[in-house]
Amino acid sequence: MDDFVEDGREALDTALLSALAEDLDDGYAGFVRAHEIAVYSAALRMTRSPPEAEDLSAETFLRAYRALRGYGRDRVLALRPRSWLLAIMLNLWRNSLRDASRRPQTIPVADVPDRQAVGIDVEQTVEDAETARELSRLLAELPATQRAAVTLRHVVGLPIAEVATVLGCPEGTAKSHVSRGLRQLRKLRSPDLATVHLSALMAQKVDGGES
Amino acid sequence: VTRSNGRDPLLHGLATLTTQPPRELADLVYANWLSVPSPAGQLRVAFTSLGISYVRLEGNMSAFQRDYGDRFQRPLRPSTGRPPAGLLPTLRGRPVKSLQLDLRELTPFEVSVLQVVRRIPRRQVRPLRWVIGELRANGEASDSTDDTAVLEVLAENPFPLIVPCHRVITSQEPLGDYVLGPGLKERLLRAEDVNLDEIRALAANNVFFLGSNTTHIVCLPSCAHARQITRPHRRHFSSIREAEEAGYRGCRHCRPTMVESA
């Protein structure tokens, strides 16, 4: 399944990169559309704020465009666009953290329900939505590197080799960031979900009793 | 455990966290261009999600694209929608204040100059030294700010007609350079019915300010109020200091006291 998805993606990337090499301004819209969900999803996990994630993603695509203006055809065709874009995004995000360290922190809005991407079953059960909200909140509690690693591997779905490239570390290190992040999530998750389910159950009972 | 293994609820949950951006990101990254009519001729106008970013006479498209690319480093595409709200009336000479400009790629000094010039009303002109005086009054010019610094900004004005730099005149004849071409400047001012001939005749006699001896208010010669002073009541001044010494105060509309003595 993964290989099949990856093959399809590579064919698409090749087509999009050829379009960029042909006419940058003309091809760039398709390139943005193909990668905006990955970039925005990861930006949202890192910034924890939809408006900031939008700014960060737009800035990422602008920086990428500016870099592409200086690239020759061969260099464009050799790009691995997803990991390249995500590396730009993470770099911009780290720089913005450094710049913002003296400014007041923004309030995380991890509890705001996210608009789900196209292609995912819109008729999710209430339970799924709850899980997503809960995970979104828990993910936000992870240390930055683990959060980035888990997001790249399991939200965006990058192969572990590309996660390592984006994080700029060896593959083994990337793997351990991911697994430590997942372990932490499992630990944080179980008691919280139990509480959610219990309170949902109680609310149902109260409703039932009154009607 | 592989990623596609839906049986691990945690991995399944994480995979559902992919999120569509609220707006198409391409709309935030691209600038759009369209062609619109103006008194200066057909214009090509580029605009981003923040507002108008570049205006030039319609000429060679690839030259426009190259200039835009070099200056703004942003992808450009033909607009498929309507012109930004307020653009057409502004170009027809009825400026719409809410017309947004994208000022991101400009320096703070450039923004200050353009904001001062944007307020010069139709049918009027301002001397270059008035622009510098306004900047200094706003604390946006240093002691070293000179004619050249302001002229350089105007020569590269990204928003001609919207920021009416053709209404800034220098002491040189004919009228100083203009970003869309020198001959065009005089044509635009005449089309707006600026009293150019009168201003020139007065300047030839070293007169740069007009006062009314009934109101004791002094104006720049193109000010709507100055043009209402009847001949018998009109007083001529060569400097604002001369007018003030005669007991005149500056008009609050054209602000002649902003003109710096060179």
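Two residues are in contact when they have heavy atoms within 4.5 Å of each other. By that rule, and leaving aside neighbours within four places in sequence, Leu17(A) is in contact with Phe31(A), Val76(A), Leu77(A), Leu79(A) and Pro81(A). The model described here is predicted. The points below go from Leu17(A) and the nonpolar cores to the aromatic rings, and then to strands and a helix of chain B.

**Leu17(A) and its surroundings**

- Leu17(A) belongs to helix α1 of chain A, which spans residues 2-22.
- With a relative accessible area of 3%, Leu17(A) is buried.
- Glu141(A) is 124 residues from Leu17(A) in sequence, and the two are 36 Å apart in space, C-alpha to C-alpha.

**Nonpolar cores**

- The largest nonpolar core has 64 residues, and those touching the most other members are Tyr28(A), Leu68(A), Trp84(A), Met89(A), Leu90(A), Leu185(A) and Leu14(B).
- Helix α2 of chain A (residues 24-47) supplies the largest share of this core, 12 residues.
- Not counting residues up to four places away in sequence, Trp84(A) touches Phe31(A), Ala64(A), Ala67(A), Leu68(A), Tyr71(A) and Leu79(A).
- Phe31(A) and Leu79(A) are thus contacts of Trp84(A) and also contacts of Leu17(A).
- A second core, separate from the one above, has 55 residues, including Leu87(B), Leu91(B), Leu135(B) and Cys223(B).

**Aromatic rings**

- Over all chains, the structure holds eight aromatic pairs.
- One of them joins Tyr54(B) and Phe72(B) edge-to-face, at 5.5 Å centre to centre and with 70 degrees between the planes.
- Tyr54(B) sits in strand β3 of chain B (residues 51-57) and Phe72(B) in helix α3 of chain B (residues 61-72), so this pair ties together parts that are 18 residues apart in sequence.
- Both rings belong to buried residues: the relative accessible area is 4% for Tyr54(B) and 5% for Phe72(B).
- Ring pairs link Tyr54(B) and Phe72(B) with Phe64(B) and Tyr68(B) into a cluster.
- In chain A, the face of Tyr71(A) has Arg75(A) lying over it, 3.9 Å from the ring centre.
- In chain B, Arg77(B) lies over the face of Tyr30(B), and the distance to the ring centre is 4.5 Å.

**Strands β2 and β3 of chain B**

- Strand β2(B), residues 43-48, pairs with β3(B) in the antiparallel sense over six bridges.
- Two residues separate β2(B) from β3(B), and the two strands form a hairpin.
- Within this pairing, Val55(B) in β3(B) is the bridge partner of Val45(B).
- Six of the seven residues of β3(B) are buried, so the strand is mostly covered, buried here being under 20% relative accessible area.

**The loop residue Ser79(B)**

- Ser79(B) lies in the loop that runs between β4 (76-78) and α4 (87-91) of chain B.
- Ala46(B) is 33 residues from Ser79(B) in sequence, yet the C-alpha to C-alpha distance is 8.7 Å.
- Neighbours within four places in sequence aside, the contacts of Ser79(B) are Asn32(B), Trp33(B), Leu34(B) and Phe47(B).

**The open sheet of chain B**

- Four strands of chain B form an open sheet with mixed pairing, in the order β9-β7-β8-β10.
- The edge strands are β9 (234-237) and β10 (249-250); each has a single partner strand, so one side of each is left without a neighbour in the sheet.
- Strand β7(B), residues 209-212, runs antiparallel to β9(B), and four bridges join the two.
- Opposite Ser212(B) stands Arg234(B), in β9(B).

**Helix α8 of chain B**

- Helix α8(B) covers residues 182-191, and Leu184(B), Lys185(B), Leu188(B) and Leu189(B) are buried in it.
- These four cover an arc of only 130 degrees around the axis, which means that they are on the same side of α8(B).
- The other side of α8(B) has the exposed residues Gly183(B), Arg187(B) and Ala191(B).
- The buried residues of α8(B) pack against three elements of chain B: β3, β6 (168-169) and α9 (196-204).
- After α8(B) comes Asp193(B), with a positive phi near 70 degrees.

Notes
Residues are numbered from 1 along each chain as its sequence is written. Chains are lettered from A and ligands numbered from 1 in the order in which they are written. This is a predicted model: local features need pLDDT of at least 70, side-chain atom pairs count only at pLDDT 80 or more; totals for chains, interfaces and linings use all residues. Side-chain values use heavy atoms; hydrogens and water are left out. Rings of Phe, Tyr and Trp (its six-membered ring) pair if their centres lie within 6.5 Å; planes under 30 degrees apart count as stacked, over 60 as edge-to-face and the rest as tilted. Buried means under 20% relative accessible area, exposed over 50%, partly exposed in between (1.4 Å probe, protein chains only). A charge sits over a ring if NZ of Lys or CZ of Arg is within 6 Å of the ring centre and within 35 degrees of the ring normal. The arc is that of the directions from the helix axis to the C-beta atoms. Two strands pair if DSSP finds at least two bridges between them. A nonpolar core is a set of buried Ala, Val, Leu, Ile, Met, Phe, Trp, Tyr and Cys residues joined through side-chain atoms within 4.5 Å.
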